[in-house]
Each structure stands twice: as C-alpha cells, then as structure tokens.
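Please find below a colleague's note, arranged as numbered points, to be read beside the sequence and the model.

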Amino acid sequence: MWTRKGDWLECIIPSWWSGLTIEQLLKDVWAASKKLAHRWRMEHGVKLNGQAVPWKTVLNERDRLQLYAYEPEPSFIVPEYRELSILWEDDHLLVLNKEAGIDIHPSEPGQTGTLANAVAFYLQSQAILTKVRHIHRLDRDTSGAILFAKHPLAGATLDRMLAHRAIKRTYVALVHGRLSPKSGTIFAPIGRDRHHPTRRRVSKTGAKAVTHYRVIKTFPSTSLVELSLETGRTHQIRVHLAHLGHPLVGDVLYGGKPVFHRHALHAAKLTFRHPFTNEEVICLAPTSDFPTDLSRIYH
C-alpha cells in the first residue's frame, strides 16, 4: 500500500479511509502533532494525485496520497558505524535486537558509542536524514527488541500506540529465589530514591506502575520469569522484582548478586499492529548472552 519515493511516501487510499479529509487522516488516524501537520500543510508536504490541495479535501478510494515524510532534520547525534542485529524493517519502522552493555542514546552532544549513533549511520546509508526516534527504552545492560521510527509521522503514531498499550513488550528475567505464587501482577508505584542519583524505589507518592509476571522454570536457587508491562517506568521490572524480594541475578544496584556480568533481563518479544499497513508484527529477539536457553521457549 505504501511506496517510498525519495523523501516522499506514497499510498493508494483504501476503502476504509474514503470519506476522511487529509487533516483527519493525519491528526486522528496517525496522531500527527499540530506542529507537524501545520509544517506539512505550509510547505506543501502533502499532495493528492500529484497536486497540492486544500487541507480539508475529502479522500476517495484509489486516490494517490503523497507525504513529504523524510524531510532532513538537524540532529546532535554523530553517525557511527556499528553492526546491527535487525529483527524487522520496512520504510517506516526498524526493530533491532540490542546487545547488553550499550546505551540507547547519547547523554551529551558529540558522544559516540551508543545505539542511536549506529542507527543514525544506518539511516544515512538509506539516504534518510531524519532524527533517530526510539519509541521505548532499554537499560544499558538489558538486551533485546527495541523499536525505532524512521520518520516523524511513524514516531508520532507509535508514541500514541505505546501510550495506549497497543505495543506489547515481553521480557524474561533470571531472578534470585523461587517466586510464589508462580504468576501474578505487581501493583506498586515507583518514584526516585532521594538517597541515590539513579536508583528508583517503590513509593506511595510515586507514579503508577503495573507489571505482570509468570514463572517459566525454576532452578535450585533461581527462577526464570516472563514479564509484561502495563506501564513503562524507569527500572520498573528491576524495582518490582527487588520489591518482591527476588532481584535480578547480576543487578547489584537493586540487591542482586554479581554472579553474572550483567543483570539478567532480556526483551524477548515485541508485538504490535503496524500503523500503516495494519499487519501484525511479532519480533522475537534471540540472545547468546543469557544464562538459559531462551530459544526453546520462544521458538
């Protein structure tokens, strides 16, 4: 349905968009911000059947809609080559299998060595000069599936999907001890720990945080646990499991023993409905850097 043509995206209007205006399609269906939609309108970044048309033009089935989606944007992220493990990709989205031990993005201008630097290089190799847009975050030592948007409209739409819990993230963790019961939901608000610059803690005055868990397998002194998030607070899984008395193996910040060179948390699965093609996307992130054989669980 969508074809990239240089810096433009082109699609043929399907029957279910017939009757909408261009403005309704951008704002209501794809969640373009007012600023983004206004910029496209003022710069003739939207065309219908090859012609600039009024913003309120009604779309008909089989119309040809063109969006100036890949407008170059200024960015402080320095492109840097790094081999990427790509799980899924098209003209709108990029899903990577992040390795442990790398930050998602720089913390200051000019910094290199992060995943965002590598993504910037990769996008430039495709003649895409938009900003690097990660839709969610993973801690430095957390490995697994992470989602990026290739253009502003995809970023805005995916941000809304994440807020509405339409992007499902499944994690696996190796924790100390044996959880009981073997499945459940952790309702515990999370706030900053005023005694530590980076640590979080369960706090009555913190932000709402909800984590679902299920024990997959038990070992003599540890448990392999599957987790899914309803909210996305910083360090949420790590804080919640430590709160239960079962910190991640290797997570010394939250009480885990340093028997593993990283904390044992992996984003194993990412599932969502593609915002532009409506297909279901399921990404499974394998890992060779984990103390159990996850391939037998998710494949």
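1. This is a predicted model, in which local features need pLDDT of at least 70 and side-chain atom pairs count only at pLDDT 80 or more, while totals for chains, interfaces and linings use all residues. Residues are numbered from 1 along each chain as its sequence is written, and side-chain values use heavy atoms, with hydrogens and water left out.

2. In β6, the bridge partner of W88 is V95, and W88 belongs to strand β5 (residues 86-89), which runs antiparallel to β6 and is joined to β6 by three bridges. Strands here are DSSP E runs of at least two residues, helices H or I runs of at least four, numbered from the N terminus, and two strands pair if DSSP finds at least two bridges between them. The connection from β5 to β6 is a hairpin of three residues.

3. β6 also pairs with strand β8 (residues 143-149), in the antiparallel sense and over six bridges; in β8, the bridge partner of N97 is A145.

4. Six of the six residues of β6 (residues 93-98) are buried, so this strand is largely enclosed by the rest of the structure; buried means under 20% relative accessible area, exposed over 50%, and partly exposed in between, with a 1.4 Å probe and protein chains only. L93, V95 and N97 point one way from β6, whereas L94, L96 and K98 point the other way.

5. The UniProt record, an unreviewed entry, places "domain: Pseudouridine synthase RsuA/RluA-like" at residues 92-243; positions follow the numbering used here, feature names are shortened, and annotations may be inferred rather than shown by experiment. This span is 20% helix and 35% strand, and its end C-alpha atoms lie 39 Å apart.
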